[in-house]
Amino acid sequence: MGAVPELPPVDGPTAITVARDPSDDSPKEACGVFGVYAPGQPVAHLTYLGLYALQHRGQESAGKAVSDGEEVMVVKDMGLVSHVFDDRTLAPLVGHLAIGHTRYSTTGSSTWRNAQPVYRGVGHTQFALGHNGNLVNTAELAEEAGMLPGTVASDSDLVAELVAIELERAEKAKADAAATGAEPVDATLPAAVATVLPRLVGAFSLVFMDEHRVMGVRDPNGFRPLCLGRLDDGGWVLASESPALDVVGAHFVRELDPGEMVVIDGDGVRSERPFPVERIDPKLCVFEFVYFARPDARLYGRSVHHARVRQGELLAEQAPVEADMVMGVPESGIPAAEGYARASGIPYGQGLVKNRYIGRTFIAPSQEMRALGVRMKLNPLRENLEGKRVIVVDDSVVRGTTQKQLVKMLRESGVKEVHLRLTSPPIKWSCFYGIDTGLRSELLAANLSVEEIRDYLNVDTLSFITLDRLIASTGTSGAGFCDACFTGNYPVEVPVSLTKGVLEGGAGAPCCGEAAPVPVAGAATTTQGLFGSSLLPADEARQGR
């Protein structure tokens with residue numbers, strides 16, 4: 001491979017890592033991807049705006065790749081989009097096509113090396129990619145390709161390497177065909193990607209680019225979202241969520257289908273279907289409707305905001321209680337609280353003020369300081385709360401850390417009763433498809449009954465929305481959802497040895513001081529049969545899951 005034309009990191013060496021907020025136990029985001037093909041437009045600035053709109057999907061690192069038709073230039077660094085890019089970094093990025101990425105790590109540690117886009121140069125082709133999701137056959141692919149430990153550090157890096165290998169093979173075959181007069185060989189990036197894609201298993205919404213084209217891909221299950229938009233001047237945009245289209249002035253065209261690959265170049269947009277039809281099984285992550293997606297996004301053609309309001313209405317029908325006020329936990333709990341109030345007839349009110357300048361990297365040197373993490377982000381409105389029976393609407397309970405501190409604050413503010421309502425069912429299983437829910441042994445609902453959780457959180461009543469009501473709230477009950485974190489029904493089998501640092505510690509090996517996975521009789525290669533309580537040590541080995 002040739003030298004990578006990347007600008008140096010703004011803030012120093014590649015060993016930089018991001019500290020995460022221990023007090024924030026919400027499910028951690030997928031990543032955000034963006035792509036634009038717009039000759040004559042400032043694509044670097046459009047990508048900056050698009051990534052800004054997708055910042056909620058990842059706050060660890062940000063990056064973009066831009067091409068002027070001759071070179072692909074990559075800029076990436078640790079931190080928020082606004083920290084990575086400024087006038088100085090954007091000025092030299094002149095071109096007519098670009099891709100961008102904002103990252104939360106689910107495979108590969110949080111270091112500059114693993115920031116995206118990932119770049120490769122093969123012969124006459126330079127390309128970059130951004131990935132939202134998580135492969136489950138990472139170790140197998142690395143082993144099949146004969147890669148030594150440390151060759152690649154994330155599943156995204158692995159995909160880039162596999163595409164580079166295929167491009168190199170195709171270019172050699174093309175040269176041989178030209179020399180012998182044989183049938184010409186397609187050695188373009190789309191052909192190489194289409195060859196590699198059927199080998200990938202898991203969750204992946206991908207954006208690719210080379211010097212001449214931008215591409216978007218959704219896995220056959222469509223676990224993670226990806227949509228297409230059109231600019232007024234004829235340019236095209238790809239984005240994880242539709243609000244990123246709005247921000248750059250693009251009109252929503254459609255969501256990519258599960259298993260679809262679109263190629264955008266000077267001839268327009270063409271669609272390809274590189275996966276066998278038997279693998280197409282739509283399973284959009286239902287948590288996109290609960291928490292991850294912006295409320296102004298549209299998924300399966302439906303408004304996320306409307307779905308969250310409907311979740312609150314259905315919760316009011318499912319779990320009514322006498323109270324004086326309904327309040328939402330910012331931000332995702334607010335639409336549902338409004339819906340609960342409307343359906344129950346109980347007044348909606350504000351009970352918490354959010355500090356909008358606190359991100360997800362609050363650093364605390366001690367447990368005492370970490371306990372202040374929630375107070376750094378949320379502060380109660382005592383005058384609205386004192387002496388009242390309050391219904392608190394939130395999106396989920398993971399480890400319970402946030403809710404426990406929140407309830408304590410409300411009690412200290414004079415709240416008479418706290419009734420907690422959640423817009424997701426109990427999270428009992430770890431996610432392997434791009435969401436960092438944590439170890440199963442850390443999940444409160446995997447180890448405690450609803451009544452035990454109620455007692456632990458010190459609330460007067462507790463109710464989780466039922467799965468059927470959650471699906472109904474989306475208005476797309478027949479469209480297909482992944483609900484594995486609630487039910488344990490994984491649409492795609494997951495290797496027992498899958499870890500967050502599977503490549504950094506060697507294919508299939510534990511890393512970062514993890515314990516080795518516990519062998520399970522009759523389930524040596526998949527998660528089937530792995531979920532009894534006696535098998536929790538195996539889950540302990542899943543770093544970052």
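**Cavity lining, salt bridges and aromatic pairs**

Colleague: How many nonpolar residues does the lining of the largest cavity have?

Modeller: Two residues of the lining are polar and another two are charged. Asp, Glu, Lys and Arg count as charged; Ala, Val, Leu, Ile, Met, Phe, Trp, Tyr, Cys and Pro as nonpolar; the others as polar. On that basis, the nonpolar residues in the lining of the largest cavity number 12.

Colleague: On what numbering and which atoms do these values rest?

Modeller: This is a predicted model, in which local features need pLDDT of at least 70 and side-chain atom pairs pLDDT 80 or more, while totals for chains, interfaces and linings use all residues. Residues are numbered from 1 along each chain, and side-chain values leave out hydrogens and water and use heavy atoms.

Colleague: Which residues lie nearest the centre of the largest cavity?

Modeller: A cavity is a set of points on a 1 Å grid where a 1.4 Å probe fits but cannot get out, and lining residues have an atom within 4 Å of a point. The lining of the largest cavity comprises 16 residues. Those nearest the centre are Cys285, Phe287, Cys431, Ile435 and Cys485.

Colleague: Which helices each supply at least two residues of that lining?

Modeller: Helices are DSSP runs (H or I) of at least four residues and strands (E) of at least two, numbered from the N terminus. One contributor to the lining of the largest cavity spans residues 484-487 and is helix 18. Together, the helices that each supply at least two residues are helix 18 and helix 8.

Colleague: How is Phe287 placed with respect to Phe292, stacked or tilted?

Modeller: Rings of Phe, Tyr and Trp (its six-membered ring) pair when their centres lie within 6.5 Å, as stacked under 30 degrees, edge-to-face over 60 and tilted otherwise. The structure has 11 aromatic pairs by this rule. The centres of Phe287 and Phe292 are 5.4 Å apart and their planes stand at 50°, so the pair is tilted.

Colleague: Is either ring of interest for burial, and what is the relative accessible area of Phe292?

Modeller: Buried means under 20% relative accessible area and exposed over 50%, with partly exposed in between (1.4 Å probe, protein chains only). Phe287 is buried at 4%. Phe292 is buried as well, with a value of 3%.

Colleague: Which residues form one aromatic cluster with Phe223?

Modeller: The cluster includes two Phe and two Tyr residues, Phe223 being one of them. Its other members are Phe432, Tyr433 and Tyr490.

Colleague: Which residue forms a salt bridge with Arg57?

Modeller: A salt bridge is a side-chain nitrogen of Lys or Arg within 4 Å of a carboxyl oxygen of Asp or Glu, and the count is 21. For Arg57 the closest N and O atoms are 2.8 Å apart, and the partner is Glu288. This pair links the loop between helix 1 (43-53) and strand 2 (61-67) to helix 8 (residues 287-292), across 231 residues. Arg57 is buried at 1%, and at 0% so is its partner, Glu288.

Colleague: Which salt-bridge network includes Arg57 and Glu288?

Modeller: The salt bridge between Arg57 and Glu288 belongs to a network. The linked residues are Arg57, Glu288, Arg224 and Glu241.

Colleague: Which residue forms salt bridges with both Asp257 and Glu260?

Modeller: Asp257 is partly exposed at 33%, whereas Glu260 is buried at 0%. The closest N and O atoms are 3.0 Å apart for Asp257 and 3.9 Å apart for Glu260. Glu260 lies in the loop between strand 11 and strand 12 and its partner in the loop between strand 13 and strand 14, so parts 13 residues apart in sequence are tied together. The shared partner is Arg273.

Technical notes. On a 1 Å grid over the protein atoms alone, a cavity is a set of points where a 1.4 Å probe fits but cannot get out, and a pocket is an open set with protein on both sides within 12 Å along at least five of seven lines; lining residues have an atom within 4 Å of a point.
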